[in-house]
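Reader: I am in my first year and still learning how to read a structure like this one. Could you take a close look at a single part with me, namely the way some of the helices pack together?

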Amino acid sequence: MLTAATLTRVVGAALEEDAPWGDLTSTTLLPADATATADLVARESGVFSGGEVFTAAFALTDASITVDQHFGDGDRFVPGDVLASVSGSARGILTAERVALNFVQRMSGIATLTAAYVAAVDGSPARIVDTRKTTPGLRAFERHAVLSGGGRNHRYSLSDAVMAKDNHLAVIARSGVDLATALRDALSRLPHTVHVVVEVDRLDQIPAVLDGGAHTVLLDNFSLEDLRSGVALIGGRAIAEASGGVNLDTVGDIARTGVDVISVGALTHSARALDLGLDVRIS
């Protein structure tokens, strides 16, 4: 969630990293009273995300700088569109430029890739969700970008839901406790609001997961045929989630197996930054 505290903490750290002792170039070459106006211009098509982050980079550098956003998060744009305009201290604008662009290019890239996945499953009930495969420290920004692209968010952190994956199941098996019993015991000790997800990689694991009362069965790296069989086995007793082997070429077929959710790590770990530029107006 993009709270004011998160914006200040993350953007502030990025600005400090980029200019730990100030912007040597701008402070030595530009007059202190010089002003400028610059436009955030799209060099390619995409889906916009990161307007608040872009604005925060300039506001935290110089509170007198103003940013007018012409596109909102989730809006589509084409080459040549002016997404936002920045006015104020020339030194401040050029000091914050790179950090502001890095964030908005990255976030718009994620939003654009997410929108492509969402379009690929159009007509099916499956929702596209992200994963915890995010850039350390930037999860709130990258998760926001997924929402801008029309996707949904999975659990935000390890503290938000129970999600037993293959390594957890291996430890449970070694302890000598059967999975269904372990799940029922966990559910008896958890608040009723906690969601429980269990990842399986074989069809024969599904009955124990359902008997244990899991809310979501995550079908990991299943073939299309096994996904269909898994959905039939689950039979609406839990949410059917697919993961693994998901790309733009396969996601449509996966959606048509009847799964409810498709989690895609690539939304955040493989999205490329979009080509956006900050052009100073010359008058």
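**How helix α4 packs against α1 and α3**

Author: In this predicted model, helix α1, which spans residues 4-18, packs with helix α4, residues 90-120, at an angle of about 130 degrees, and the two axes lie 10 Å apart. Two packed helices are described by just these quantities, the angle between their axes and the distance between the axes. Angles over 145 degrees count as roughly antiparallel, and those from 65 to 115 degrees as roughly perpendicular; α1 and α4 are therefore oblique to each other, and their crossing is right-handed. On the side of α1, the residues that take part in the contact are Val10, Val11, Ala14, Leu15 and Asp18, and they meet Thr95, Ala96, Arg98, Val99 and Phe103 of α4.

Helix α4 also packs with helix α3, residues 51-61, where the axes come within 8 Å and cross at roughly 160 degrees. Helices α3 and α4 are therefore roughly antiparallel to each other, and this crossing, too, is right-handed. From α3, the residues Val53, Phe54, Ala57, Phe58 and Thr61 meet a series of residues in α4, among them Gly92, Ile93, Glu97, Ala100, Val104 and Met107.

If you now compare the two contacts, you will find that Thr95, Ala96, Val99 and Phe103 of α4 meet residues of α1 and also meet residues of α3.

Technical notes. Residues are numbered from 1 along each chain as its sequence is written. This is a predicted model: local features need pLDDT of at least 70, side-chain atom pairs count only at pLDDT 80 or more; totals for chains, interfaces and linings use all residues. Side-chain values use heavy atoms; hydrogens and water are left out. Axes are lines fitted to C-alpha atoms, for helices over the stretch in contact, and angles run from 0 to 180 degrees between N-to-C directions. Helices (H or I, at least four residues) and strands (E, at least two) are DSSP runs, numbered from the N terminus. Angles under 35 degrees count as roughly parallel, over 145 as roughly antiparallel, 65 to 115 as roughly perpendicular and the rest as oblique. A crossing is left-handed if the near helix is turned anticlockwise from the far one by less than a right angle, and right-handed if clockwise. Contact means heavy atoms within 4.5 Å.
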